[in-house]
Amino acid sequence: MTALPRTQRLADHMIRRACRRLPGEAGDERYREWAAELPAILSDPDVGSGIGARMRRSARALGYAAGVSRCARRLGRAGGQPRPAASLQAQPGFPVRRVVVGVLIDVAVVALFIALSTAFRPPRPWLLIPVLPAAAGFAAFCLADLARARQVRYLPKWGWAIACLIQIPLGGIMYLAAGKVPAARPEPPAQP
Amino acid sequence: MKLTGPLERVLRVFLADPSARRYGYDLMKAARLPSGTLYPMLARLHDQGLVTSEWEPPPADTNGRPPRKYYQLTGEGIRVARLELAQAASDAPRTAPGTARPAPGSAS
């Protein structure tokens, strides 16, 4: 019996998706193991009672599902099939397609933002003329840089891509400041 | 085997009652570890032959609960765990709480 069927379904779904990364038999077994823990979490008597307890149980179950997803990714990497090489190697040449898609998404986001802000304020369309290309250009620059990066810090690449897109220009600035791995410096000259 | 803090906590939980079979969430709560830390560790211990796992036999009285997987130290696991914990205790006597460093201001 579970008090929170919706949370259980969501957590179950997360676990099932994660276990697909594992090779056939192992994935199935892991899924059964992890899914079987959910009822215990969602009806854990140690959490307490009251209104907060439902939230805490839900958070715990979702945290559990996120954790085992991480575990499945690790096990999947360790157990055989390596990650596709394309994601590890720098893209040769200029990633035209990614930039185009990035810019399109970007323009859509900016347009949405402007539409929302003008809905509440007297419109100032002249502001769009410098701001729109600048914002799109900056986000495109960040996405292109991200696409060519061999590796990034703190977040996966897609995480930085989302950050760059939804927080123009803050996400891009954060990526350039924190997420970007600085290019390897040439070896310093030998000490005389 | 490198004895990290989380690993030490898991081994202590197992050694508290070596004959008990523990399931994942039970271990998480007892060792205060998140699932993303615990399960890779269990998988490693399992690969090293220090932990066995078995499925709960599907009984009639679980009122619809799916069968769980239980973990337990092997004989070798109990031996290694005791050894590692004893070694950690003798290696780091100075890290015992309260003795690591003098209280601030006590040096004057």
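This briefing covers the nonpolar cores, the chain contact and one helix pair. The model is predicted. The largest nonpolar core has 36 residues, and its best-connected members include Ile15(A) and Val10(B). Chain B brings 14 residues into contact with 16 residues of chain A.

**Nonpolar cores**
- Within the 36-residue core, the residues that touch the most other members are Ile15(A), Ala61(A), Val68(A), Ala72(A), Val10(B), Leu38(B) and Leu42(B).
- From chain A, α1 (5–19), α2 (24–35), α3 (38–42) and α4 (51–78) each give two or more residues to this core.
- From chain B, α1 (5–16), α2 (24–31), α3 (35–47) and β3 (69–73) do so.
- α4(A) supplies the largest share of this core, with seven residues.
- A second, separate core holds 12 residues, among them Ala135(A), Trp160(A), Cys164(A) and Ile168(A).
- Ala72(A) is in contact with Ala18(A), Cys19(A), Arg21(A), Leu22(A) and Arg30(A), leaving aside its neighbours within four places in sequence.

**Chain B against chain A**
- The contact joins 14 residues of chain B to 16 residues of chain A.
- On the chain B side, α2 and α3 are the elements that give two or more residues.
- α3(B) gives the most to that side, with five residues.
- The chain B side divides into eight nonpolar, three polar and three charged residues.

**Helix pair α7(A) and α9(A)**
- The axes of α7 (residues 128–148) and α9 (residues 170–179) of chain A come within 9 Å and cross at roughly 35°.
- The crossing is left-handed.
- α7(A) makes the contact through Phe138(A), Ala139(A), Cys142(A) and Leu146(A), and α9(A) through Gly172(A), Tyr175(A) and Leu176(A).
- Six of the contact residues are nonpolar, one is polar and none is charged.

Note on methods:
Residues are numbered from 1 along each chain as its sequence is written. Chains are lettered from A and ligands numbered from 1 in the order in which they are written. This is a predicted model: local features need pLDDT of at least 70, side-chain atom pairs count only at pLDDT 80 or more; totals for chains, interfaces and linings use all residues. Axes are lines fitted to C-alpha atoms, for helices over the stretch in contact, and angles run from 0 to 180 degrees between N-to-C directions. Helices (H or I, at least four residues) and strands (E, at least two) are DSSP runs, numbered from the N terminus. A crossing is left-handed if the near helix is turned anticlockwise from the far one by less than a right angle, and right-handed if clockwise. Two residues are in contact if their C-beta atoms, placed from the backbone, lie within 7 Å. Ala, Val, Leu, Ile, Met, Phe, Trp, Tyr, Cys and Pro count as nonpolar, Asp, Glu, Lys and Arg as charged, and the others, Gly among them, as polar. A nonpolar core is a set of buried Ala, Val, Leu, Ile, Met, Phe, Trp, Tyr and Cys residues joined through C-beta atoms within 7 Å. A residue is buried if 20 or more other C-beta atoms lie within 10 Å of its own, exposed if 12 or fewer, and partly exposed in between; C-beta atoms are placed from the backbone.
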